[in-house]
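Q: I'd like to learn how to read a protein-ligand model feature by feature. Could you walk me through one?

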Amino acid sequence: MNLPKIYPITDTRLAKISHAAQVQKFIEGGATIIQLRDKNSSPKGFYEAAKEVLEIARERNVKIIINDRVDIALALKADGVHLGQDDLPPEHARKILGEKAIIGFSTHNLKQAAEAARLPIDYLAIGPVFTTLTKENPENTVGIETVKRVRDAIGDFPLVAIGGITSENFREVLAAGADSLAIIGDLISDPHEITRKMRIFLSEE
Ligand code: TZP
Ligand code: MG
């Protein structure tokens, strides 16, 4: 798949505004694919929030990927899911969601990434690249060198980098071979700045 340079992810605890409000701002800033991530709401709460988001995103032709919850993605006909090493295995998510769904999969070292490139997924994510304050109990940081090694190992397989990426360091992550950068904290920690930040990330070639 063709990934955009910036892949924003929502977090209501950090942004202190709703998923829908974050998504509106991401879209205004130029986002074309957005992940909804919610580690705190009930399944019903996450479902309701995702439903509201999908109504906005569909009108604007923006794709919505649901973190963790294959059931919610299926129920709402979202564009796809993002799964971690401990979530439902991607093969099963593919069976449930079908060929058209976008399935992303998180990896945290070179071995996991090389193995992931053989799974029925649309992109793999490597990280955390740098120290992150957003993820609870994050894995060890992998650094720029691992991003380069993963790129060498997987050929042109779509690669997302995640973890501690900011407007200061994003150029070196792209230079290391990432197709796309998944960003939470640097985009949303000041909710008034979300649209402007998105535009800054997207403004350079
Ligand atoms: N997976 C690895 S790092 C991370 C996730 C979900 C959090 C990324 O957030 P931030 O604020 O961009 O470091
Ligand atoms: Mg997960």
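The dialogue below goes from the ligand to the backbone and then to single residues.

Q: Before we start, what kind of model is this?
A: This is a predicted model.

Q: Let's begin with the ligand. Which residues are around ligand 1?
A: A shell is simply a list of neighbours, picked by a distance cut-off of 4 Å between heavy atoms. Here it holds Arg-37, Pro-128, Thr-132, Thr-134, Lys-135, Ile-162, Gly-163, Gly-164, Ile-183, Ile-184 and Gly-185.

Q: How many residues of each class are in the shell around ligand 1?
A: Sorted by class, the shell has four nonpolar, five polar and two charged residues. Keep in mind that glycine goes with the polar group in this scheme.

Q: Which polar atoms of the protein lie by the oxygen atoms of ligand 1?
A: For such pairs you look for N or O atoms within 3.5 Å of each other. The side chain of Thr-132 has an N or O atom 2.6 Å from an oxygen of ligand 1. With Gly-164 it's the backbone: one of its N or O atoms is 2.7 Å from a ligand oxygen. Gly-185 also uses a backbone N or O atom, again at 2.7 Å from an oxygen of ligand 1. As for cover, ligand 1 on its own has 370 Å² of accessible area, and the protein covers 94% of that.

Q: And what sort of space does ligand 1 take?
A: The space taken by ligand 1 is the largest pocket.

Q: Now the backbone. What should I look for in the torsions?
A: Start from the usual case: most peptide bonds are trans, and most residues other than glycine have a negative phi. Then look for the exceptions. The bond from Gly-127 to Pro-128 is cis, with omega near -5 degrees. Pro-128 belongs to the loop between β6 (123-126) and α7 (143-154), and this proline is also among the residues around ligand 1.

Q: Where do I find a positive phi in a residue other than glycine?
A: One case is Asn-61, with phi near 65 degrees. This asparagine sits in the loop between α3 (43-59) and β3 (63-67). Another is Asn-137, whose phi is about 45 degrees, in the loop between β6 and α7.

Q: Is Asn-61 buried or exposed, and what about Asn-137?
A: Check the relative accessibility: over 50% counts as exposed. Asn-61 is at 71%, so it counts as exposed. Asn-137 counts as exposed too, because its relative accessibility is 71%.

Q: How would I read the other end of that scale, say for Thr-10?
A: Buried means under 20%. Thr-10 has a relative accessible area of 0%, so it is buried. You'll find Thr-10 in the loop between β1 (6-8) and α1 (12-15), and its side chain makes a polar contact of 2.8 Å with the side chain of His-19.

Q: What about the class in between?
A: Try Lys-25, in helix α2 (residues 19-28). Its relative accessible area is 27%, so Lys-25 is partly exposed. Pro-89 also counts as partly exposed, because its relative accessibility is 36%; this proline lies in the loop between β4 (80-83) and α5 (90-97).

Q: Last one: how do I set separation along the chain against distance in space?
A: Put the two numbers side by side for each pair. Lys-25 and Glu-193 are 168 residues apart along the chain, with their C-alpha atoms separated by 9.0 Å. Pro-89 and Ser-41 are 48 residues apart, with 22 Å between their C-alpha atoms.

Conventions:
Residues numbered from 1 in each chain as written. Chains lettered and ligands numbered in written order. Predicted model: local features only at pLDDT ≥ 70, side-chain atom pairs only at ≥ 80, totals over all residues. Heavy atoms only, no water. Polar contact = N/O pair within 3.5 Å; in protein donor to acceptor, adjacent residues only side chain to side chain. Areas by Shrake-Rupley, 256 points an atom, 1.4 Å probe, with all protein chains shown as cover. 1 Å grid on protein atoms, 1.4 Å probe; cavity = no way out; pocket = protein on both sides within 12 Å on 5 of 7 lines; lining within 4 Å. Sits in = over half its atoms within 2 Å of the grid points. Helix = DSSP H or I, 4+ residues; strand = E, 2+ residues; numbered from the N terminus. Buried < 20%, exposed > 50% of the residue type's maximum accessible area, 1.4 Å probe, protein only.
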